[in-house]
Amino acid sequence: MNPKWNGQFSCFDLVAKTDDCVRSIVRAGNVEIGGDDFVVMAGPCAVESERQLLQTAEVVAAAGARILRGGAYKPRSSPYAFQGLGLEGLKILRKAREETGLAIVTEVMSEEDVDLIAEYADLMQVGTRSMENYALLERLGGCGRPVLLKRGMTATLEELLRSAQVIAMATRGNPQIVLCERGIRTFETATRNTLDIAAVPVLKTVSHLPVIVDPSHAAGVRCLVPVLARAAAVVGADGLLVEVHPSPDQAMSDGAQSLTFRHFRDMMDDLQPYLAIQDAARRLGPQLVAAGGSD
Ligand code: PEP
Ligand code: MN
């Protein structure tokens with residue numbers, strides 16, 4: 001391991017990897033994240049209507065997704081853009097869980113909404129804009145639900161793990177946190193964000209928490225999503241968070257990066273050989289998949 005990482009990250013003792021805690025499994029509803037299965041979370045950026053969500057839920061479940069994503073409370077770059085359906089969106093998510101058995105991940109933006117959203121969600125998403133909202137993170141640590149913590153778009157890995165430590169300090173006992181690399185802001189403009197693929201093996205090496213990749217917000221365009229998903233599988237990610245919409249051109253948010261149903265099915269089929277590479281690498285030893293070698 002790079003000795004620098006040890007010094008940088010070991011102070012976050014509740015989330016850092018130790019001899020006693022190498023790998024933790026996070027349970028969202030009936031789904032285990034960080035175990036042997038590669039867990040795909042998929043669905044629209046925002047819940048727009050019952051029909052849109054239920055249709056999407058059925059398709060992604062049939063294609064192998066285990067968790068349904070969909071924002072009811074939306075943090076938008078523009079204050080004039082659609083801000084989400086709020087409570088109505090949560091009720092639609094609950095209905096989709098009842099009909100498909102998928103677990104639900106949805107974003108929480110404010111500490112005041114934590115208790116309400118915890119009644120409907122199996123996994124509480126912290127978005128890139130909220131990663132350093134410590135009041136929110138502390139409330140989430142005590143809410144009894146696992147947390148999906150997205151990396152801030154200008155945050156270092158040290159800052160991401162510091163935020164995970166804030167949640168873990170507020171959690172009694174075993175911290176249930178999934179880390180998510182969703183692309184960071186760089187000088188590159190060809191993609192919406194730059195997917196920091198090295199973040200996955202670094203985080204898997206220094207932390208016991210599961211790590212997933214969101215190729216949709218990294219890419220910003222749907223044609224790049226499947227190839228970034230493959231890269232995530234090969235470097236040892238524990239799963240994906242992917243945007244899917246019945247008709248992306250009509251989506252109220254993030255249509256350009258949302259996969260159609262056909263694209264999603266194709267992506268899931270095409271992932272299989274890359275998941276086999278991940279399995280083979282795991283059998284060779286955790287360091288090979290986690291850090292690409294012993295150094
Ligand atoms: C989202 O998942 O729809 C979202 C808003 O993500 P991020 O916080 O990464 O921009
Ligand atoms: Mn989105």
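In the predicted model, strand S3 (residues 39–43) pairs with S10 in the parallel sense, over five bridges. Within this pairing, Val39 stands opposite Gly239 of S10. Strand S9 (residues 211–213) also runs parallel to S10 and is joined to it by two bridges. Here the bridge partner of Ile212 is Gly239 in S10. Gly239 of S10 thus appears in both pairings, opposite Val39 and as partner of Ile212.

Both faces of S10 are covered. On one side Gly239, Leu241 and Glu243 are buried, and on the other side Leu240 and Val242 are buried. Because five of the five residues of S10 are buried, the strand is largely enclosed by the rest of the structure. For Glu243 the relative accessible area is 0%, so this residue counts as buried.

Glu243 is also a donor to the manganese ion (ligand 2), which is coordinated by Cys45 (SG), His217 (NE2), Glu243 (OE) and Asp254 (OD) at 2.1 to 2.4 Å. Along the chain, the donors of the manganese ion follow the spacing C-x171-H-x25-E-x10-D. The pair of His217 and Glu243 links distant parts of the chain, with His217 in helix H8 (residues 215–219) and Glu243 in strand S10 (residues 239–243), 26 residues apart. His217 has a relative accessible area of 8% and is therefore buried, the cut-off being under 20%. Asp254, another of the donors, is placed in the loop between S10 and helix H10 (261–284). Its backbone has a positive phi of about 55°, although Asp254 is not a glycine. Most residues other than glycine have a negative phi.

Three of the metal donors, Cys45, His217 and Glu243, are also among the residues that surround ligand 1. Also in the surroundings of ligand 1 are Arg69, Lys74, Glu107, Gln125, Gly127, Thr128, Arg129, Lys150 and Arg182. By class, this shell has seven charged, four polar and one nonpolar residue. Polar side-chain atoms approach oxygen atoms of ligand 1 from several residues, including Arg69 at 2.8 Å and Gln125 at 3.0 Å. For Arg129, an N or O atom in the side chain is 3.4 Å from an oxygen atom of ligand 1. On its own, ligand 1 has 300 Å² of accessible area, and the protein covers 98% of that area.

Gln125, one of the residues in polar contact with ligand 1, belongs to strand S6 (residues 123–126). Both faces of S6 are covered, with Leu123 and Gln125 buried on one side and Met124 and Val126 buried on the other. S6 pairs in the parallel sense with strand S5 (residues 103–107), over three bridges. In this pairing Val105 stands opposite Leu123 of S6. Glu107, a residue of the shell around ligand 1, falls within the residue range of S5.

Burial extends to helix H7 (199–206), which follows S8 after a loop. H7 is mostly covered, as eight of its eight residues are buried. These residues are Ala199, Val200, Pro201, Val202, Leu203, Lys204, Thr205 and Val206. Thr205, in helix H7, counts as buried because its relative accessibility is 2%, under the 20% cut-off. The side chain of Thr205 reaches the backbone oxygen of Pro201 at 2.6 Å.

A comparable contact is formed by Thr171, whose side chain reaches the backbone oxygen of Ile167 at 2.8 Å. Thr171 lies in the loop between helix H6 (157–170) and strand S8 (177–181). With a relative accessible area of 19%, Thr171 is buried, since the cut-off is under 20%. In the loop between S8 and H7, Asn193 is likewise buried, with a relative accessible area of 5%. Asn193 and Val244 are 51 residues apart along the chain, and their C-alpha atoms are separated by 19 Å.

How values were computed: Residues are numbered from 1 along each chain as its sequence is written. Chains are lettered from A and ligands numbered from 1 in the order in which they are written. This is a predicted model: local features need pLDDT of at least 70, side-chain atom pairs count only at pLDDT 80 or more; totals for chains, interfaces and linings use all residues. Side-chain values use heavy atoms; hydrogens and water are left out. A residue is near a molecule or strand if one of its heavy atoms lies within 4 Å of it. A polar contact is a pair of N or O atoms within 3.5 Å; within protein, one must be able to donate a hydrogen and the other to accept it, and residues adjacent in sequence count only if both atoms are side-chain atoms. Accessible areas come from the Shrake-Rupley method with a 1.4 Å probe; for residues, only the protein chains shown count as cover. Ala, Val, Leu, Ile, Met, Phe, Trp, Tyr, Cys and Pro count as nonpolar, Asp, Glu, Lys and Arg as charged, and the others, Gly among them, as polar. Donors are N, O and S atoms within 2.8 Å of the metal (3.2 Å for Na, K and Ca); water is not among the atoms, so sites may look incomplete. Helices (H or I, at least four residues) and strands (E, at least two) are DSSP runs, numbered from the N terminus. Buried means under 20% relative accessible area, exposed over 50%, partly exposed in between (1.4 Å probe, protein chains only). Two strands pair if DSSP finds at least two bridges between them.
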